[in-house]
Amino acid sequence: MKKFVRILAALLALLLLLLCAGVKLFMAWFYGSLGRAIRSETLQAAAKDSRNDVFATLAVLLGGGVSLLFGLDIDGWLGLGVALFILWSGISSGSTQCLI
């Protein structure tokens, strides 16, 4: 019975992460479209933030899947990659607002 509960909890977590990634992907599209239409840099930055959340969520899913299937712990490398991507995204968004 305990194994069933653990599998059910893992499937529920997977479903919630996929649902959250889907909602954030829609938000990124919506904010990006609206931001371009009204020329709002704030909404375009919010679109990038939502996109970054999708990448972070997918990295968590990928790391967990690889660890579960192959026994390789790559979540640290994935976290570093996501962090560098978010850093690059933040610098590129900030450079449009400031003179560097």
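How many helices and how many strands make up the secondary structure of this protein? Switch your viewer to cartoon and count: there are three helices and zero strands. Keep in mind as you click around that this is a predicted model.

**Stop 1: the whole chain**

Start with everything selected. Reading from the N terminus, the elements go α-α-α. Turn the cartoon around and look at its proportions: the C-alpha trace spans about 55 × 25 × 15 Å along its principal axes. The radius of gyration is 17 Å, whereas a compact globule of 100 residues would come in near 13 Å. If you colour by burial, 19% of the 100 residues show up as buried. As for contacts between residues at least 6 apart in sequence, 52% of them link residues that are at least 24 apart.

**Stop 2: the largest pocket**

Now select Ala-10, Leu-14, Gly-64, Gly-65 and Leu-68. Of the 13 residues that line the largest pocket, these lie nearest its centre. Two elements each give two or more residues to this lining: helix H1 (2–37) and helix H2 (41–70). Which one gives the most? That's H1, with seven residues. Show the surface here and you're looking at a pocket with a volume of about 330 Å³. Colour the lining by class and you get ten nonpolar residues, two polar and one charged.

**Stop 3: Ala-59**

Next, pick Ala-59, which sits in helix H2. Is Ala-59 buried or exposed? Its relative accessibility is 15%, so Ala-59 counts as buried, the cut-off for buried being under 20%. Show its surroundings: leaving out residues up to four places away in sequence, Ala-59 touches Leu-78 and Val-82. While you're here, draw a distance between the C-alpha atoms of Ala-59 and Trp-77; you should get 9.7 Å for this pair, which is 18 residues apart along the chain.

**Stop 4: Ser-89**

Finally, move over to helix H3 (residues 75–95) and select Ser-89. With a relative accessible area of just 2%, Ser-89 is buried. What does Ser-89 touch, once residues up to four places away in sequence are set aside? Display Lys-48, Arg-51 and Asn-52 as sticks, and you have its contacts. Zoom in on Asn-52: its side chain and that of Ser-89 are joined by a polar contact of 3.4 Å.

Note on methods: Residues numbered from 1 in each chain as written. Predicted model: local features only at pLDDT ≥ 70, side-chain atom pairs only at ≥ 80, totals over all residues. Heavy atoms only, no water. Helix = DSSP H or I, 4+ residues; strand = E, 2+ residues; numbered from the N terminus. Buried < 20%, exposed > 50% of the residue type's maximum accessible area, 1.4 Å probe, protein only. Polar contact = N/O pair within 3.5 Å; in protein donor to acceptor, adjacent residues only side chain to side chain. Contact = heavy atoms within 4.5 Å. 1 Å grid on protein atoms, 1.4 Å probe; cavity = no way out; pocket = protein on both sides within 12 Å on 5 of 7 lines; lining within 4 Å. Points joined across faces, edges and corners; volume = space filled by probe spheres on them. Nonpolar A, V, L, I, M, F, W, Y, C, P; charged D, E, K, R; others polar. Rg over C-alpha atoms; globule rule 2.2 N^0.38 Å.
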